[in-house]
Amino acid sequence: DSLFAAIEARYDEAAQRVDTVTTRPVVFFGSTWQGRFHAAAGNSYMVRTLRDAGGTPWAKDTMLRENPPVDIEGMMALADEVDHVGLVVALRSPPDARALMGGDERLAHARGVEQGGFYANSEATDVFGQALLEPEVVLLDLIKVLHPERAQDHTPRYFHRIVQ
């Protein structure tokens, strides 16, 4: 109980950094597999964390329990409409916009990727393990992406902006 209470206190303290933000950027977060993108489900841990980080998740349906697929045409339109596109990737080095989008040049130049792209690289960090034990660190990483002025003192561990 005491370990959980300490994590909860640190998480709540981090969330307070964005309590007063007036601009909440729209964020598509998900993954890609075999040429299809999959958005985080509306009731997922990541969507809730993005909200707590001062963002507006693209996944609006909070009852959705599955990761909705987005085909390439839909992603091309969506990536130009949102402020940030974030993906979980498995790459040996930090990705640029093109690598983040699976090598697709068209998507690499979309506004949400070129200006606001971010990633969690499962090759470099334990994003599916240790990160789950440090939700306050994940939250601060996302605050650093969405509202960098509110987390200037934080060094990202799991989520990073792409090379701009």
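These questions and answers go through the cores and strand 6 of a predicted model. Local features need pLDDT of at least 70 and side-chain atom pairs pLDDT 80 or more, while totals for chains, interfaces and linings use all residues. Residues are numbered from 1 along each chain as its sequence is written, and side-chain values use heavy atoms, with hydrogens and water left out.

Colleague: Which helix gives the most to the largest nonpolar core?

Modeller: A nonpolar core is a set of buried Ala, Val, Leu, Ile, Met, Phe, Trp, Tyr and Cys residues joined through side-chain atoms within 4.5 Å; buried means under 20% relative accessible area, with a 1.4 Å probe and protein chains only. The largest has 29 residues, and its suppliers of at least two residues include helix 1 (2-15), helix 2 (45-52) and helix 7 (135-146). Helices are DSSP runs of H or I with at least four residues, strands runs of E with at least two, numbered from the N terminus. The one that gives the most, with 8 residues, is helix 7.

Colleague: Which way do the residues of strand 6 point, and are they buried or exposed?

Modeller: Phe 118 and Ala 120 point one way from strand 6. Tyr 119 and Asn 121 point the other way. As for Phe 118, Ala 120, Tyr 119 and Asn 121, all are buried.

Colleague: Which residue in strand 7 stands opposite Tyr 119?

Modeller: Two strands pair if DSSP finds at least two bridges between them. Strand 6 and strand 7 (residues 159-161) run antiparallel, joined by 3 bridges. Opposite Tyr 119 stands His 160.

Methods. Buried < 20%, exposed > 50% of the residue type's maximum accessible area, 1.4 Å probe, protein only.
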